[in-house]
Amino acid sequence: MNTSRKLGFSGIMFYLVNIIFMLNVFGILLSVIMNSFGETANRGTWLPEAFSIKWWEYLFGFHDIKHLLWITMLITLLTVIFSLLIAYPAAYIIAKRRFAGKNLIMGLFLLPILIPPISYGLPLAILIYKVKLATTVAGVVIVNMVPTVSFMILVIMPFIEQIGDNIESASRMLGANKLQYFTRILIPLTIPGILSASILSIVRVISMFELTFLVSGAKTQTLVVQLFADVNAPGFRPYQMIDALAVIFFLVTIALAAISMRVGNPTQIYTKI
Amino acid sequence: MDRRKGWSAETIGFLFPAVVFLLAVFIYPFIYAVQLSLTDSEGAFTLGNYVKFFTDLVELKTVWITLKISLPVTILSIVLAIPIAYFMRRGIKHEKLVTFLMMLPMTLGVVLIAEGMITYFGRNGWVMLLLEQLGLVADRSSLIHNYFGVAASLFIQTFPMGLIILIGYTSGIHSSLEMAATMLGATSAQTFWRVMFPLMMPGILIAFALNFTSAFSVFTSAIMLGQPTSQTRVMAYAAYVHAYEYFDYNFCSTICILMIIVQLIIIGFVFAFRNRLYKGASAVGKG
């Protein structure tokens with residue numbers, strides 16, 4: 001393996017583009033955090049003229065933050081649990097069995113990831129309204145499950161593929177039935193895959209905006225939908241308060257994303273496509 | 001691998017929940033939308049929705065606006081991602097951390113980034129402040145609530161995704177091919193253009209297709225950082241407004257169907273084209 005490497009054009013581009021890109025991303029995040037602690041609206045200074053936590057207090061009086069966090073957690077966990085129950089058996093079949101029309105089934109599983117949520121989300125939302133599930137927790141969970149089921153199948157599949165077939169044969173020979181094979185052997189052996197798929201999905205669902213936005217109501221708005229609503233609300237809402245809400249959302253997401261880095265690689269599904 | 005090719009009871013039973021779920025909430029809404037788009041509010045068959053879309057200049061213009069935002073952003077994001085993915089083809093120091101940071105905008109989602117951009121690129125934001133102190137602008141003005149705001153936000157969202165896909169492909173190209181080219185006397189430019197670039201092509205196509213389809217349905221940033229009623233009235237926004245403000249589900253479905261058709265054509269074209277490219281050597285390595 002060639003280890004010495006000249007910087008070259010690609011190296012210059014790597015550092016240049018990444019540094020500019022990340023400086024801007026950090027600038028965006030940092031200016032939100034700074035602004036949420038500003039006493040007055042920013043009038044064009046690098047730092048707020050005076051620091052204060054009054055907008056944070058204002059935020060907690062304006063929104064029911066506890067309810068927001070609770071509903072976000074509830075919807076995310078329900079989405080991930082139900083998606084996992086559906087995705088795991090499907091991932092097992094895709095990983096281990098050959099059957100006619102497998103490519104077609106694979107295509108069905110891939111499409112919700114390839115087609116952006118707003119394109120299929122609007123017709124789906126119309127249907128959800130029609131069956132009177134809109135604004136309910138069930139409705140929000142169902143729409144969020146669409147891309148999550150696909151995503152989980154793709155993440156879990158390689159973990160099941162790695163388990164040798166002889167283990168299944170051996171367990172069968174020793175008298176285990178299918179259920180015992182699953183509960184005592186396959187599931188324990190694929191715990192890393194289940195964990196990885198779950199935590200990556202949690203991060204995705206929390207920041208998934210469009211689908212929740214289209215079907216949620218006042219009581220079922222998640223953090224990210226509330227953030228959007230505040231920015232676009234008619235009438236005046238102090239921007240420092242919105243920034244404070246954004247900081248809460250940022251902290252929740254970044255904490256979960258940091259955990260997800262420990263158990264899985266969020267980039268892996270893109271190499272499977 | 002089990003050699004049975006048939007549909008065993010197990011195969012059917014295990015696939016059943018996932019397939020039925022996606023048929024019910026992914027495929028059926030699509031069929032339902034096709035049906036809605038081909039009927040009027042009374043439920044009678046009509047092509048009127050499509051005729052209206054292609055003859056009403058306000059609606060037709062959304063296609064142009066959407067393309068004007070999504071195509072340049074996609075091209076720029078892929079062109080910039082190619083040298084970076086090439087540089088990272090054999091791994092870099094702290095790769096996990098670097099990819100985590102690059103993926104941050106995707107992880108945090110479009111709403112948070114757009115919310116921050118309103119402050120950051122706004123009239124009193126840090127970008128304007130910097131430009132002013134460098135003497136590059138005379139008067140402060142807002143960089144957002146226009147075409148630039150939406151395009152910049154879209155770039156921040158799609159660039160990491162394209163890059164990740166490309167890195168996956170490039171790191172799968174075996175280094176012996178590059179070494180062979182160098183040993184046979186190719187310069188580094190020749191090695192790149194004659195060996196690496198053609199092998200990266202399938203990845204470039206996939207990354208382009210995925211970035212373009214997601215940029216083509218730009219919605220959230222067009223509202224938060226643009227002027228959704230005029231300058232950045234993109235297709236997804238128009239579809240949304242027809243459903244949620246005018247309650248015209250038929251016309252909303254028409255726009256959605258047109259968007260999905262465009263996206264399916266691009267994905268289908270790229271996948272068909274990819275299979276015709278040589279990919280033997282790039283099939284090894286991590287993936």
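The following paragraphs describe the fold of chain B, the contact between chains A and B, and the helix packing in a predicted model.

Chain B is built from 12 helices and zero strands, so that, read from the N terminus, its elements follow the order α-α-α-α-α-α-α-α-α-α-α-α. Along the principal axes, the C-alpha atoms of chain B occupy a box of roughly 70 × 70 × 35 Å. Of the 287 residues in this chain, 48% are buried. Among the contacts in chain B with a separation of 6 or more, 75% join residues that lie 24 or more positions apart.

The two chains meet through 76 residues of chain A, which are in contact with 80 residues of chain B. On the side of chain A that touches chain B, the elements giving two or more residues are helix H1 (8-36), H3, helix H4 (102-114), H5, helix H6 (137-162), helix H9 (191-207), helix H11 (223-232) and helix H12 (239-263) of chain A. The most is given by H1(A), with 17 residues. By class, this side of chain A comprises 53 nonpolar, 16 polar and seven charged residues.

One helix pair that spans the two chains consists of helix H3 (residues 65-96) of chain A and helix H1 (residues 9-37) of chain B, whose axes come within 8 Å and cross at roughly 130 degrees. Because of this angle, H3(A) is oblique to H1(B). The crossing in which H3(A) passes H1(B) is left-handed. From H3(A), the residues that make the contact are Ile86(A), Ala87(A), Pro89(A), Ala90(A), Tyr92(A) and Ile93(A), and from H1(B) they are Thr11(B), Phe14(B), Leu15(B), Pro17(B), Ala18(B) and Phe21(B). Of the residues in this contact, 11 are nonpolar, one is polar and none is charged.

Within chain A, H3(A) also packs with H6(A), at an angle of about 40 degrees and with the axes 6 Å apart. The two helices, H3(A) and H6(A), are therefore oblique to each other, and H3(A) passes H6(A) in a right-handed crossing. The contact of H3(A) with H6(A) contains 24 nonpolar, four polar and two charged residues.

The largest nonpolar core has 167 residues, of which Ile153(A) and Ile156(A) touch the most other members. The element that gives the most to this core is H6(A), with 15 residues. When residues up to four places away in sequence are not counted, Ile153(A) touches Ala87(A), Ala90(A), Ala91(A), Ile94(A), Phe109(A) and, from the other chain, Ala18(B). Ala87(A), Ala90(A) and Ala18(B) also take part in the contact of H3(A) with H1(B) described above.

In chain B, the axes of H3(B) and helix H9 (residues 188-216) come within 9 Å and cross at roughly 145 degrees, and the crossing of these two helices is right-handed. On H3(B), the contact involves Thr66(B), Ser70(B), Val73(B), Thr74(B), Ser77(B), Ile78(B), Ala81(B), Ile82(B) and Tyr86(B), while H9(B) contributes Met196(B), Ile204(B), Ala207(B), Phe208(B), Asn211(B), Phe212(B), Ala215(B) and Phe216(B). The residues of this contact comprise 12 nonpolar, five polar and no charged ones.

Helix H11 (residues 235-244) of chain B is mostly covered, with eight of its 10 residues buried. These buried residues of H11(B) are Met235(B), Ala236(B), Tyr237(B), Ala238(B), Ala239(B), Tyr240(B), His242(B) and Ala243(B). Their packing partners come from both chains, namely helix H5 (117-130) of chain A and, in chain B, helix H3 (57-87), helix H10 (220-224) and helix H12 (249-275).

A further site with contacts to both chains is found at Ile118(B), a residue of helix H5 (residues 110-120) of chain B. Ile118(B) counts as buried because it has 25 C-beta neighbours inside 10 Å, where 20 or more are required. Apart from its neighbours within four places in sequence, Ile118(B) is in contact with Val231(A) and with Ile144(B). The C-alpha atom of Ile118(B) is separated by 8.8 Å from that of Leu143(B), a residue 25 residues apart from Ile118(B) along the chain.

Methods: Residues numbered from 1 in each chain as written. Chains lettered and ligands numbered in written order. Predicted model: local features only at pLDDT ≥ 70, side-chain atom pairs only at ≥ 80, totals over all residues. Axes fitted to C-alpha atoms, helices over the stretch in contact; angles between N-to-C directions. Helix = DSSP H or I, 4+ residues; strand = E, 2+ residues; numbered from the N terminus. Parallel < 35°, antiparallel > 145°, perpendicular 65-115°, else oblique. Left-handed = near helix turned anticlockwise from the far one by under 90°. Contact = placed C-beta atoms within 7 Å. Nonpolar A, V, L, I, M, F, W, Y, C, P; charged D, E, K, R; others polar. Buried ≥ 20, exposed ≤ 12 C-beta atoms within 10 Å, placed from the backbone. Core = buried A, V, L, I, M, F, W, Y, C linked by C-beta atoms within 7 Å.
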